Amino acid sequence: MAQTMAEDNRRILDYLRAHTNDMVADLKRLIALESPTSYKPAVDELGAALAAELRGLGGAVEVIPKTEVGDVLRARWNAGEGGVVIMSHMDTVWDVGTVAGRPTRIEGDRLYGVGAMDMKGGIVIALWALRALRALDQFPEGPITYLLNSDEETGSRHSAGEIEAEALAHDVVFVTEPPQDGAYKTQRKGVSQYTIRVKGRAAHSGADHARGVNAIEEMAHQVLAAQAMTNYDIGTTANVGIISGGTRPNVVPAEAQVEINVRAWTRVNQEAIHEQMMSLKPVHPEAEVIVEGGVGVPPMERSPEIAALFKQAQALAAGMGITLEEGRTGGGSDGNKTAALGVPTLDGMGMVGDGGHAIDEYGEVSSLPERAAIMAAMLRELL
């Protein structure tokens with residue numbers, strides 16, 4: 001039986017490699033359908049094209065309307081309890097018109113294109129994993145759901161409800177974000193965001209300097225205190241990214257403000273730095289320090305279930321002659337949300353490449369059939 005499973009997986013890989021050109025053609029088509037988070041009509045146009053693809057694969061497709069962002073897509077096969085939910089996002093960080101200035105091109109094994117790796121390539125991988133299973137009569141009998149959201153690049157605020165509900169309704173989550181240097185992601189840092197506002201007292205800088213309470217001076221103390229919360233040994237960082245304050249050079253500034261981004265590998269560390277941030281006190285006795293914000297995205301912690309899920313994928317990949325490594329990243333994704341709910345989540349199942357959100361973004365063409373084959377094999381294994 002095990003030998004038959006391994007042979008079937010190799011058939012899947014052979015099928016997908018034989019259709020590499022078709023996968024590339026699909027990727028080029030999706031790249032051409034530009035889909036910035038902020039422009040709903042474009043995202044919905046991409047969604048309509050993907051809905052047709054999913055129906056062609058036998059999925060029961062539902063379009064979930066959204067007002068401020070693109071509509072969410074959900075496709076189901078083999079309705080029932082448990083199973084696997086695949087998650088992708090349709091939106092990118094690039095405005096409509098970017099493709100015209102940066103046409104898709106292939107150099108060797110690299111396909112350079114707007115949003116190629118993040119994450120049009122991940123969508124192609126999921127679609128072709130399902131297509132290969134259907135074509136080779138190996139489609140699982142267990143429940144599969146494919147959820148495509150429309151606002152991941154801005155934090156999935158409008159699609160969080162669907163993401164969490166689908167995760168809780170399934171046994172396992174696959175996320176088609178790009179891998180980390182080719183490695184599946186089993187751990188991601190959590191993200192917290194804070195704003196510190198300081199209130200001082202304005203005064204004339206020459207005639208009445210001593211009466212003033214300099215908000216920027218006070219903020220300098222707070223900035224150093226916040227930066228000191230960084231602890232590289234445990235991987236916690238506090239980054240003061242934006243600072244503003246004052247009105248004119250000859251006025252003692254009455255107000256100043258900073259924005260701080262915090263990352264942590266574990267909930268314990270995330271909560272610890274939260275307590276430190278909220279406990280900041282003014283150094284000047286007449287200054288006021290106000291700290292706002294908190295935990296935005298919980299960490300995706302490497303649980304025993306997630307580790308076991310990766311080992312399954314690694315073994316299946318090895319059976320097809322593919323080397324698969326395990327990695328982690330400081331960036332967040334929808335996988336943070338699903339893992340925090342206690343649902344085993346395997347992230348980074350998308351297209352291998354580099355340069356996400358950069359003008360030199362590319363994906364490796366050879367990774368398309370390989371990663372689709374691993375996903376297909378995992379669906380068969382789990383269902």
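Started with Ser156: I looked up its exposure, and it counts as buried because its relative accessibility is 0% (buried means under 20% relative accessible area with a 1.4 Å probe, protein chains only).

Note to self: this is a predicted model, where local features need pLDDT of at least 70, side-chain atom pairs count only at pLDDT 80 or more, and totals for chains, interfaces and linings use all residues. Residues are numbered from 1 along each chain as its sequence is written, and side-chain values use heavy atoms, with hydrogens and water left out.

Next, the surroundings of Ser156. I found Ser156 in the loop between strand S6 (144-149) and helix H6 (160-169); helices (H or I, at least four residues) and strands (E, at least two) are DSSP runs, numbered from the N terminus. Its side chain makes a polar contact of 3.1 Å with the side chain of Asn149 (a pair of N or O atoms within 3.5 Å; within protein, one must be able to donate a hydrogen and the other to accept it, and residues adjacent in sequence count only if both atoms are side-chain atoms). Skipping neighbours within four places in sequence, I listed Asn149, Asp151, Ile163, Asp334 and Lys337 as in contact with Ser156, meaning heavy atoms within 4.5 Å.

Then the cores. The largest nonpolar core (buried Ala, Val, Leu, Ile, Met, Phe, Trp, Tyr and Cys residues joined through side-chain atoms within 4.5 Å) has 67 residues, and Tyr146 and Phe174 have the most contacts inside it. Helix H5 (residues 116-135) gives the most to this core, 11 residues. I also noted another core apart from it, with 19 residues, including Ala215 and Met277.

Definitions and conventions: Buried < 20%, exposed > 50% of the residue type's maximum accessible area, 1.4 Å probe, protein only.
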